Amino acid sequence: MKCQYFVGLLIPFILKINYVNRFFTLLRAVLLTGVIGTTALAQKPLWMRYPAISPDGQTIVFSYQGDLYRVPTAGGQALPLTIHENHDFMPVWSHDGKQIAFASDRYGNFDVFVMPATGGEAKRLTFHSANDLPSDFSVDNQRITFSSARTDDAANAQFPLGLLGELYSVPTAGGRSRMELTTPAELARYSRDGKQMIYQDIKGYEDQWRKHHTLSIARDLWLYDAPTARHTQLTTFAGEDRNPIFSTDNQTVYYLSEQSGSFNIHSVAARNPADIDTPLPKGAGILGLPPQRVCMPSELTRYALPLYS
């Protein structure tokens with residue numbers, strides 16, 4: 001009887017030990033899975049974004065988890081260019097490959113910074129309370145263009161909405177910013193001779209990450225010709241056309257479009273606006289223009305938003 005009583009006392013204890021062992025076995029499995037998963041993530045990082053290829057095609061700079069990295073286009077180890085607790089993104093190469101401009105919110109809002117392409121101290125160039133997002137260097141690398149919603153030109157007939165920003169530039173060495181276009185011109189890039197600029201427009205609010213939407217405010221591509229101060233619409237797809245870049249001979253514009261489903265690479269001829277002399281028809285508005293329709297700046301600012309009257 002005593003033996004049976006003693007065994008009866010041990011059974012709960014044995015069961016408890018068994019449960020404890022099972023618990024720690026499960027815990028070890030979970031921790032091991034976490035370590036393996038973390039290692040896998042470390043080996044295959046996700047969400048590497050905003051890639052920028054160097055002018056010589058040998059190096060890519062990209063943003064990952066709020067810092068900038070550079071890696072050879074042939075592959076290899078990615079080395080950090082910035083290590084900061086704030087967010088650095090949208091890298092842009094100078095045309096000589098010696099400098100990189102980028103946006104950072106180190107002082108609250110996003111400002112334009114510039115640094116050596118090989119790494120080093122980042123210099124702050126803009127100090128406005130609005131977000132400043134760089135898109136290109138001037139042909140001589142003396143200025144950096146950027147988009148920002150600051151103050152419209154007094155002659156601009158667009159509704160003064162903060163979403164519809166303007167295009168500015170700032171000296172690479174530092175100094176006063178100046179307005180280049182009062183027209184909303186995102187991701188603007190110069191041609192090789194600096195006489196033309198390609199950009200994507202913005203006509204109103206829409207989540208830029210929304211896929212497959214077809215709206216009147218979907219982005220289109222435009223070509224700005226500095227000698228004639230004319231804007232030429234290059235695309236009229238009802239969905240998104242964005243991220244334009246010039247070909248090396250400036251004869252073609254490559255861009256992303258949802259014309260063929262998800263974003264794929266498309267191209268369009270970058271015609272010379274001087275060869276086209278078709279003014280914007282009164283009362284038409286930009287949204288109804290066919291490709292290659294040209295308008296003067298005064299007409300562009302007048303009709304840059306949908307007309308409802």
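This briefing walks through a few features of the structure above, topic by topic. The model is a predicted one. Among its features is an open sheet of four strands, and the structure also holds two cavities of 30 Å³ or more. Three residues get a closer look along the way: S191, which is buried, Q200, which is buried too, and R271, which is partly exposed.

**An open sheet**

- A good place to start is the sheet whose strands follow the order β5-β6-β7-β8, with antiparallel pairing.
- In general, the strands of a sheet pair through backbone hydrogen bonds, and the pairing can be parallel or antiparallel.
- Which strands stand at the edges? They are β5 (88–93) and β8 (123–124); each has a single partner strand, so one side of each has no neighbour in the sheet.
- The partner of β5 is β6 (residues 99–107), and four bridges join these two antiparallel strands.
- To find your way between the two strands, look for W93, which stands opposite I100 in β6.

**S191, a residue in a loop**

- Follow the chain to the loop between β13 (186–190) and β14 (196–200), and you will find S191 there.
- Is S191 buried or exposed? Its relative accessibility is 3%, and buried means under 20%, so S191 counts as buried.
- The side chain of S191 makes a polar contact of 2.6 Å with the side chain of D193.
- Beyond its neighbours within four places in sequence, S191 is in contact with V139, Q196, F246 and N250.

**Q200, a residue in a strand**

- Strand β14 is home to Q200.
- This residue is buried as well, because the relative accessible area of Q200 is 5%.
- Where does the side chain of Q200 reach? It comes to the backbone nitrogen of N243, at 2.8 Å.
- N243 also appears among the residues that Q200 touches when those up to four places away in sequence are not counted; others include P184, L187, R219, D220, D241 and P244.

**A pocket and a cavity**

- Empty space left among atoms can be found by rolling a probe the size of a water molecule over them.
- The second largest pocket holds about 200 Å³ of space.
- Its lining is made up of 14 residues, and those nearest the centre of the pocket are E180, Y190, G194, M197 and A226.
- Three strands, β11 (166–171), β12 (178–181) and β14, each give at least two residues to the lining of this pocket.
- Which strand gives the most to that lining? It is β12, with three residues.
- Sorted by class, the pocket lining has six nonpolar, four polar and four charged residues.
- The second largest cavity has a volume of about 30 Å³.
- This cavity is lined by I202, K203, G204, E206, I217 and R219, and its lining divides into two nonpolar, one polar and three charged residues.
- R219 links two of our topics: this residue lines the second largest cavity and is touched by Q200.

**R271, a partly exposed residue**

- Another loop to visit runs between β19 (264–269) and β20 (294–295), and R271 has its place there.
- With a relative accessible area of 49%, R271 is partly exposed.
- How many residues apart along the chain are R271 and T232? They are 39 residues apart, and their C-alpha atoms are separated by 8.8 Å.

How values were computed: Residues are numbered from 1 along each chain as its sequence is written. This is a predicted model: local features need pLDDT of at least 70, side-chain atom pairs count only at pLDDT 80 or more; totals for chains, interfaces and linings use all residues. Side-chain values use heavy atoms; hydrogens and water are left out. Two strands pair if DSSP finds at least two bridges between them. Buried means under 20% relative accessible area, exposed over 50%, partly exposed in between (1.4 Å probe, protein chains only). A polar contact is a pair of N or O atoms within 3.5 Å; within protein, one must be able to donate a hydrogen and the other to accept it, and residues adjacent in sequence count only if both atoms are side-chain atoms. Contact means heavy atoms within 4.5 Å. On a 1 Å grid over the protein atoms alone, a cavity is a set of points where a 1.4 Å probe fits but cannot get out, and a pocket is an open set with protein on both sides within 12 Å along at least five of seven lines; lining residues have an atom within 4 Å of a point. Grid points are joined across faces, edges and corners, and a volume is the space filled by probe spheres set on the points. Ala, Val, Leu, Ile, Met, Phe, Trp, Tyr, Cys and Pro count as nonpolar, Asp, Glu, Lys and Arg as charged, and the others, Gly among them, as polar.
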